[in-house]
Amino acid sequence: MSQTDFLTNAATGKNKPLAARMAPKDFEDFMGQDNIVGDGKLLRRSIEADNLGSVIFFGPPGTGKSALARIIASKTKSYFAEANAVTIGIADIRNIISQAKARLEMSGKKTILMLDEIHHFNRSQQDALLPDVERGTITLIGITTENPFFYINAAIISRSIVFEFQFLSKDALLKILDTALTDKENGLGKFKLEMSAQAKEHLVLNAGGDARKLLNALEIGVLSTKMNEKGIRVFDIAVAQESMQKRAVLYDRSGDAHYDHISAFIKSMRGTDPDAAVYWMAKMLAAGEDPRFIARRIIICAAEDVGMADPRALTVAVSALHAVEFVGMPEARIILAQAAVYVATAPKSNASYLAVENALAEVKNGKARNVPNHLKDSNLDGKELGHGKGYKYPHDYDGHYVEQDYWTDPVELYNPSGEGYEGKIRERLFGIRKKKSKV
């Protein structure tokens with residue numbers, strides 16, 4: 001374990017993968033995560049003031065967690081050590097702590113320990129760190145792709161600030177890609193290269209917010225492409241597809257294709273074709289569509305097209321949205337598929353949708369109605385005004401129903417279908433309406 005100097009670009013660094021060579025050296029090169037390292041943000045201020053406390057960085061791969069830790073290493077006056085939780089044990093931890101104590105006593109120099117994949121530490125290994133994190137013998141930078149609140153001891157969490165890293169945006173990935181293409185020292189700027197806009201778009205969309213994945217695909221594509229007669233490497237969509245091992249999907253998330261595909265998805269669920277529904281959903285996901293957008297459309301379809309024919313469809317759809325937000329991709333695809341299949345195969349009725357449309361039309365164009373006195377709130381001064389007088393409490397009557405007017409000049413707005421559960425509602429409601437018509 002030795003002090004790492006990240007400011008020096010050793011000769012051996014030229015043999016590193018492109019993603020390692022292009023790792024940002026300063027905040028000016030760091031793309032994304034403006035919510036935590038933007039100008040004036042707490043973490044940025046702490047790093048620049050060299051006054052960082054223990055932190056946990058968690059989020060998806062390739063979003064800058066380790067890169068930010070190494071920027072910290074380049075700026076701090078503390079001794080910076082790094083280790084991987086997969087390859088060290090308790091004896092190694094104790095050795096690091098022992099050296100940190102000696103360093104602090106002899107020179108007053110603090111130690112920052114970057115511990116990658118900290119979620120791989122078991123409870124006893126994490127407990128070995130705790131006393132010295134608490135005393136400040138070491139400042140811990142824990143890095144993990146897993147939710148720390150599930151995998152890291154509550155005691156360590158309580159002594160750290162947790163920062164969540166997000167998938168990199170399309171704009172951030174494009175900047176990273178363009179920098180790699182033009183940087184002649186660490187990037188691919190020394191190559192004569194023609195890269196199509198379609199190839200760029202394909203790499204960025206299919207990187208899934210992961211800069212490392214993007215740069216790995218870019219590097220293998222450039223290095224494996226032969227020069228043409230002009231000495232130029234042509235990086236087209238075919239090269240991009242091969243580099244990503246992913247076929248290009250013709251889908252523009254901001255154009256007509258976006259609306260055409262979601263329309264086909266909804267109409268497939270409405271039309272009780274689960275195969276088509278899952279296909280259109282998969283195509284959208286493969287093209288980088290936000291899974292939450294798809295989940296919201298499933299919710300709408302469950303309410304509009306299934307409705308009371310199967311009231312559980314809405315519950316399933318809403319639960320799917322929450323699960324998608326909690327789990328994230330790629331596993332979220334399974335949750336979306338289950339919800340889409342449920343809604344697609346459920347009995348269908350748009351009677352609730354038509355009911356609210358009829359009601360809105362009645363509000364706009366029908367008779368103006370006031371709330372009848374017996375339905376008004378009788379709290380406070382309402383009783384003195386006769387509010388609530390004559391109201392019949394349905395639970396006091398047989399069948400928990402009693403004849404009573406709930407609005408003046410009633411009009412039938414909800415016409416239940418005979419599909420699924422709504423068939424039972426239809427039977428009961430029509431019986432009640434029949435009784436009313438005889439009164």
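This tour goes from the whole chain to two residues, threonine 144 and lysine 283, in a predicted model.

**Whole chain**

Start with the full protein chain in cartoon view. The secondary structure to look for is 19 helices and seven strands. Turn the model along its principal axes: the C-alpha atoms fill a box of roughly 95 × 65 × 35 Å. The radius of gyration is 31 Å, whereas a compact globule of 439 residues would have one near 22 Å.

Next, colour by contacts if your viewer allows. Among contacts in the protein chain with a separation of 6 or more, 72% join residues 24 or more positions apart.

Switch to a surface view. The accessible surface comes to about 24600 Å², and carbon and sulfur atoms make up 52% of that. Of the 439 residues, 41% count as buried.

Then select the charged side chains. There are 57 positive and 55 negative charges, and the mean positions of the two sets are 1 Å apart.

**Threonine 144**

Hide the surface and select strand E4, which covers residues 138-144. Threonine 144 is part of this strand. Is threonine 144 buried or exposed? Threonine 144 has a relative accessible area of 2%, and because buried means under 20%, this residue counts as buried.

Show side chains as sticks and look for two polar partners. The side chain of threonine 144 makes a polar contact with the side chain of histidine 119 at 2.7 Å. The threonine 144 side chain also reaches the backbone nitrogen of glutamate 146, at 2.9 Å.

Now select the residues that threonine 144 touches, leaving aside those up to four places away in sequence: Ile56, Phe57, Phe58, Gly59, Lys65, Ile118, His119 and Ile152. His119 in this list is the polar partner already shown.

**Lysine 283**

Move on to helix H14, residues 274-286, and select lysine 283 within it. How exposed is lysine 283? The relative accessible area of lysine 283 is 21%, so this residue is partly exposed; the buried class ends at 20%.

Which side chain does the side chain of lysine 283 contact? Select histidine 261: the two side chains make a polar contact at 3.1 Å.

For a last stop, add leucine 336 to the selection and draw a C-alpha to C-alpha distance from lysine 283. The two residues are 53 residues apart in sequence and 13 Å apart in space.

Methods. Residues numbered from 1 in each chain as written. Predicted model: local features only at pLDDT ≥ 70, side-chain atom pairs only at ≥ 80, totals over all residues. Heavy atoms only, no water. Helix = DSSP H or I, 4+ residues; strand = E, 2+ residues; numbered from the N terminus. Rg over C-alpha atoms; globule rule 2.2 N^0.38 Å. Buried < 20%, exposed > 50% of the residue type's maximum accessible area, 1.4 Å probe, protein only. Contact = heavy atoms within 4.5 Å. Areas by Shrake-Rupley, 256 points an atom, 1.4 Å probe, with all protein chains shown as cover. Lys, Arg positive; Asp, Glu negative; His and termini not counted. Charge placed at Lys NZ, Arg CZ, Asp CG, Glu CD. Polar contact = N/O pair within 3.5 Å; in protein donor to acceptor, adjacent residues only side chain to side chain.
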